[in-house]
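The following exercises are intended for a first course in protein structure. Please attempt each task before reading its solution.

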Amino acid sequence: MSYAIVYLISFVAFLIIDFVGLSYLIKPIFSRDIGHLMIEDFRVVPAFLFYAFLIFVVMWFVGWPALEGDKSLLWVFGSAALIGAASYGTFEFTNYAILRDWTPTLVMVDLTWGTLVTGATAAIGVAATRAIGV
């Protein structure tokens with residue numbers, strides 16, 4: 001039961017935090033640099049699938065082991081952030097390597113954001129699950 005709870009809390013936290021970040025931090029920068037490549041409304045299904053899978057991977061390697069052991073929230077944050085950096089880094093550095101209009105600013109902003117949001121939401125999920133005692 002705690003596996004499902006920590007996944008759900010982390011997933012919902014990720015969606016909320018990322019929505020705010022994408023709306024007010026990422027979208028304005030991407031619009032400025034690559035607005036001509038962007039669609040007006042994002043595609044919900046691919047975004048949902050990526051987020052669901054990313055959080056599953058983070059829970060598999062970080063969240064669930066943290067609930068079974070005595071891992072600190074700092075360990076949870078750092079380990080999840082590393083997975084976030086790998087995930088977002090793959091996207092960002094590949095785009096920078098092959099797309100003419102991709103900028104170092106896009107790479108650094110989105111890579112930093114993805115790293116932090118992944119680490120934070122895993123820590124939120126584990127802390128909340130521990131707090132409710134399931």
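**Exercise 1: The helix α2**

Helix α2 contains a kink of about 55°, centred on Met59. The model examined here is predicted.

Task. Determine how many residues α2 has and how its span compares with the expected one.

Solution. Step 1: α2 has 25 residues. Step 2: from the first C-alpha to the last, the helix reaches 33 Å. Step 3: at 1.5 Å a residue, 36 Å is expected, and the value found is close to this.

Task. State which residues of α2 are buried and what covers them.

Solution. Step 1: the buried residues of α2 include Ala47, Tyr51, Ala52, Leu54, Ile55 and Val57. Step 2: Met59, the centre of the kink, is also among the buried residues, as are Val58, Val62, Gly63, Trp64 and Ala66. Step 3: the cover over these buried residues includes α1, α3 and α4.

**Exercise 2: The helix α3**

Task. Describe the span, the kink and the buried residues of α3.

Solution. Step 1: α3 has 26 residues and reaches 37 Å between its first and last C-alpha atoms, close to the expected 38 Å. Step 2: a kink of about 30° is centred on Gly89. Step 3: Gly89 belongs to the buried residues of α3, together with Val76, Ser79, Ala80, Ala81, Ile83, Gly84, Tyr88, Glu92 and Asn95. Step 4: these buried residues pack against α1, α2 and α4.

Task. Decide whether Ser79 is buried or exposed, and give its distance from Val62.

Solution. Step 1: Ser79 lies in helix α3. Step 2: the relative accessibility of Ser79 is 19%, and a residue is buried under 20%, so Ser79 counts as buried. Step 3: Ser79 and Val62 are 17 residues apart in sequence, and their C-alpha atoms are 6.5 Å apart in space.

**Exercise 3: The nonpolar core**

Task. Identify the central members of the largest nonpolar core and the helices that supply it.

Solution. Step 1: this core has 31 residues, of which Phe14, Val58, Met59 and Val76 touch the most other members. Step 2: at least two residues of the core come from each of α1 (2-34), α2 (44-68), α3 (73-98) and α4 (104-132). Step 3: α2 supplies the largest share, eleven residues. Step 4: with its neighbours within four places in sequence left aside, Val76 is in contact with Val62, Ala66, Ala122, Ala123 and Val126.

**Exercise 4: Two further buried residues**

Task. Explain why Ser2 and Gly114 count as buried, and name their contacts beyond four places in sequence.

Solution. Step 1: Ser2, in helix α1, counts as buried because its relative accessibility is 18%. Step 2: the contacts of Ser2 are Leu67, Thr129 and Val134. Step 3: Gly114, in helix α4, counts as buried because its relative accessibility is 0%. Step 4: Gly114 is in contact with Gly84 and Tyr88. Step 5: Gly114 is 25 residues from Gly89 in sequence, with 8.5 Å between their C-alpha atoms.

**Exercise 5: Annotation and confidence**

Task. Compare the "transmembrane region" entries in UniProt with the helix content of the model.

Solution. Step 1: an unreviewed UniProt entry lists residues 6-26, 47-67 and 73-91 under this name. Step 2: residues 6-26 are 100% helix, and their end C-alpha atoms are 27 Å apart. Step 3: residues 73-91 are likewise 100% helix, with end C-alpha atoms 27 Å apart.

Task. State where the confidence of the model is lowest and where it is highest.

Solution. Step 1: the mean pLDDT of the chain is 95, and 100% of its residues reach 70 or more. Step 2: confidence is lowest in α1, at a mean of 94, and highest in α3, at 98.

Note on methods. Residues numbered from 1 in each chain as written. Predicted model: local features only at pLDDT ≥ 70, side-chain atom pairs only at ≥ 80, totals over all residues. Heavy atoms only, no water. Core = buried A, V, L, I, M, F, W, Y, C linked by side-chain atoms within 4.5 Å. Buried < 20%, exposed > 50% of the residue type's maximum accessible area, 1.4 Å probe, protein only. Helix = DSSP H or I, 4+ residues; strand = E, 2+ residues; numbered from the N terminus. Contact = heavy atoms within 4.5 Å. UniProt positions renumbered as here; feature names shortened; annotations may be inferred. Expected span 1.5 Å × (residues − 1). Bend = angle between axes of the 7 residues up to and from the residue. pLDDT = per-residue confidence, 0-100.
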